[in-house]
Amino acid sequence: MIKKENLKIAIASGKGGTGKTLLSTNLAAFLSERESTLLVDLDVEEPNDSLFIKGNLIRKTEQHKMIPQWDESKCTLCGECTKNCKFHAVVQMGKFIAVFKELCHSCYACSELCPAKALPMHPYKMGETAEYSYNNLKLIESRLMIGEEQAVPLIHKTHKLVEENFSNSIFQLFDCPPGTSCPVIAATENADFVILVTEPTPFGLHDLKLAVETMRKLHKPIGVVINRSGIGNDDVENYCKTEQIDILTKIPFDKNIASCYSKGELVYNKLESVKHSLNEILDSLKNKIPCQSLQGFETLKGI
Amino acid sequence: MRIAFTSTGKSWDSIIDSRFGRTEYIVIFDEETKTLELVDNSAVKNEAHGAGTATAQKMYEVKPDVLITGNGPGETAATALKNLNMKIYVDAHNLTLEQAYESYRNGALKEI
Amino acid sequence: MKEIVVLSGKGGTGKTSITASLAVLAGSEAVVADCDVDAANMHLLMQPDFAVASQFYSGELAEINQNICTQCGLCSNVCRFDAIPFQNNKYTVNPLACEGCGYCQKVCPTEAISMKKRKSGYVYISNTKVNSTMVHARLDIGAENSGKLVAKVKSKAKELAEHQNKYFVIVDGSPGIGCPVVSSLSGASYVVLVTEPTVSGLHDLERIYSVIKRFRIKAGCIINKHDINPQKTEEIIEFLNRENIVHLVSIPYDIAFTEAMTQAKTIVETSSRISQKLIDAWNKIKEEAAKN
């Protein structure tokens with residue numbers, strides 16, 4: 001038995017648009033009917049969860065990354081900083097040291113190796129984290145500023161904020177960005193389990209394979225949710241069976257789901273098929289994860 | 001004075017390149033000798049990051065007195081170049097270098 | 001030569017399916033670039049032959065020579081990315097965490113650390129089923145999607161278009177607003193935005209448009225699945241009018257898209273009623289892009 005206080009579940013996908021947000025928001029709301037639940041929106045470039053979880057805004061926190069700031073009075077124009085920066089973010093041009101904020105990776109090399117200490121690190125706002133409360137559900141949403149290009153630093157900051165302030169939520173769901181590159185790696189960092197959402201189409205299958213490969217590299221236990229089941233073909237299902245990946249549930253294709261989603265509404269209380277799927281996910285997780293909190297969780301029946 | 005243009009081509013009747021960082025060429029017109037000098041910026045094109053940085057550095061090496069361009073360099077590059085006492089003029093979109101020069105002379109371009 | 005970049009902000013709006021349709025309609029008039037490099041899909045519809053493949057390197061990775069390492073731990077101390085943990089009695093670099101900043105190399109007292117070029121993926125040049133050239137790529141798992149691979153794909157596509165005298169480069173862009181998107185936008189003549197009438201779709205459309213505005217590139221919009229929420233479609237049209245974005249076409253939801261996909265076809269290769277909508281859109285795009 002994992003004697004954990006909380007269970008961290010990441011919801012990811014290879015392909016965008018498969019239903020991560022649909023699942024994250026509905027599963028979070030569903031779980032919060034019984035236990036304190038936290039939903040963290042880590043799709044920092046395009047965060048959408050707050051469109052569906054209409055909670056009260058509790059607090060907004062500015063998030064910063066550290067970047068060097070040129071102190072002309074101390075600088076000897078030795079040019080070491082330009083040599084030390086691998087990202088072309090600090091460049092000496094004659095008597096001027098230019099710092100290109102968007103390129104900086106905050107490695108501190110230029111700052112700490114400057115012989116004159118002329119590049120002290122200063123915080124620079126790159127995003128915002130908002131906390132919302134909706135009954136027993138807390139939503140943490142991080143949003144990258146327009147013009148900022150790097151998602152990873154904000155995702156890391158958000159994880160830290162969650163660790164420091166919200167570890168008493170029993171269920172912690174992390175809505176991840178799509179794809180398989182570094183933002184997803186950062187988003188799934190602390191997850192105990194990763195749910196991969198896919199659709200039964202060739203695009204869905206292709207990207208699911210990439211997502212599975214990624215999660216296996218990270219040694220994360222996984223389960224698949226097939227959304228829009230009924231369209232496309234059986235290739236995704238067959239792939240899961242061959243690879244011995246559990247299909248936690250299949251959410252049937254239903255234009256009503258799209259309709260509710262389009263209006264920013266939660267759907268599990270309106271459609272029995274979705275509630276049924278959420279129950280199936282819960283049952284699957286119980287069998288997979290020996291976690292105390294989960295075992296005691298009664299499946300909700302009926303509307 | 002030496003006037004630099006971000007250019008899509010190599011000659012006086014080439015069209016201004018609207019971009020700064022990924023401009024194809026930098027063409028420099030020397031008002032005294034009335035000659036054109038060409039700097040090929042194609043190596044910078046492949047950069048995902050730091051195109052503006054690299055082009056700004058090239059500007060620093062070339063040191064024109066005036067830069068005439070379309071969209072203009074981003075904030076950091078602009079500050080760096082202005083520190084080199086370079087005057088930057090923007091909004092020369094879709095003009096030939098010759099037309100852009102005329103506009104600059106007539107005060108029709110915007111200085112940033 | 002006109003570079004047409006297709007973006008969406010939000011994933012799942014149908015961007016790739018539509019871009020592939022435009023590429024098929026353009027036929028051999030265009031060079032195609034799949035810049036949606038993180039989980040690229042366009043090849044599933046264009047049937048490229050992967051004729052030329054080249055490895056792609058981006059950034060660097062630190063490597064510790066254990067024979068020289070004295071385990072002083074300085075590298076681990078200076079690393080801001082927790083990429084050099086002490087495990088199994090030695091310091092080793094975690095490639096998934098290392099960002100290639102080289103700080104560790106600079107402080108190592110015995111020069112035990114070297115920075116190696118990092119292999120990040122592949123770039124392919126192919127011939128497609130409509131006899132056009134396609135440049136596409138594969139980004140390795142966990143690689144940094146810095147936009148450099150996107151830039152490489154685009155610049156290769158442009159180079160080939162110039163060489164082959166093609167009038168269009170059609171680019172399938174990346175979702176989101178980060179560096180790969182900015183990289184897709186650079187040098188674009190025209191942007192096609194694909195959206196859907198949902199709160200998420202509109203929210204993400206506004207965000208991506210504020211990025212595009214900074215580049216001062218003209219844009220047009222295709223509203224896909226417009227009939228799932230007519231009211232939201234109206235809201236989107238109002239937004240387009242306010243921002244002077246051309247409303248190219250509205251496409252109804254149709255299972256034919258998915259059916260075509262399962263047969264590795266774009267919708268315009270079927271007899272679906274949707275085809276005409278895309279033909280109309282492509283004509284309008286050509287018209288608008290030429291206006292520049």
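1. The side chains of C:Glu60 and A:Lys86 form a salt bridge, at 2.8 Å from N to O. Keep in mind that this is a predicted model. Between chain C and chain A the count is three salt bridges.

2. Polar contacts also link the two chains. The count between chain C and chain A is 19 residue pairs, with both residues at pLDDT 80 or more. Several helices of chain C each bring at least two residues to the side that touches chain A. They are H1 (15–26), H2 (43–46), H4 (103–107), H6 (179–185), H7 (199–215) and H9 (256–262). H7(C) gives the most, with nine residues.

3. What is the make-up of the side of chain C that touches chain A, by class? There are 25 nonpolar, 20 polar and 13 charged residues.

4. Now the extent of the interface. On chain C, 58 residues are in contact with chain A, where 56 residues take part. The area buried between the two chains is about 4700 Å². Carbon and sulfur atoms give 60% of that area. Three residues stand out: C:Tyr103, C:Ile141 and C:Arg207 supply 14% of the area that chain C buries against chain A, more than any other three residues.

5. Last, the layout of chain C. The domain assignment gives domain 1 as 2–47 + 128–290, in two stretches of sequence, and domain 2 as 60–119. How many Å separate the C-alpha centres of domain 1 and domain 2 of chain C? The centres lie 41 Å apart.

Conventions
Residues are numbered from 1 along each chain as its sequence is written. Chains are lettered from A and ligands numbered from 1 in the order in which they are written. This is a predicted model: local features need pLDDT of at least 70, side-chain atom pairs count only at pLDDT 80 or more; totals for chains, interfaces and linings use all residues. Side-chain values use heavy atoms; hydrogens and water are left out. Contact means heavy atoms within 4.5 Å. Buried area is the accessible area (1.4 Å probe) that two parts lose on being put together, summed over both. A salt bridge is a side-chain nitrogen of Lys or Arg within 4 Å of a carboxyl oxygen of Asp or Glu. A polar contact is a pair of N or O atoms within 3.5 Å; within protein, one must be able to donate a hydrogen and the other to accept it, and residues adjacent in sequence count only if both atoms are side-chain atoms. Helices (H or I, at least four residues) and strands (E, at least two) are DSSP runs, numbered from the N terminus. Ala, Val, Leu, Ile, Met, Phe, Trp, Tyr, Cys and Pro count as nonpolar, Asp, Glu, Lys and Arg as charged, and the others, Gly among them, as polar. Domain bounds come from an automatic or database domain assignment.
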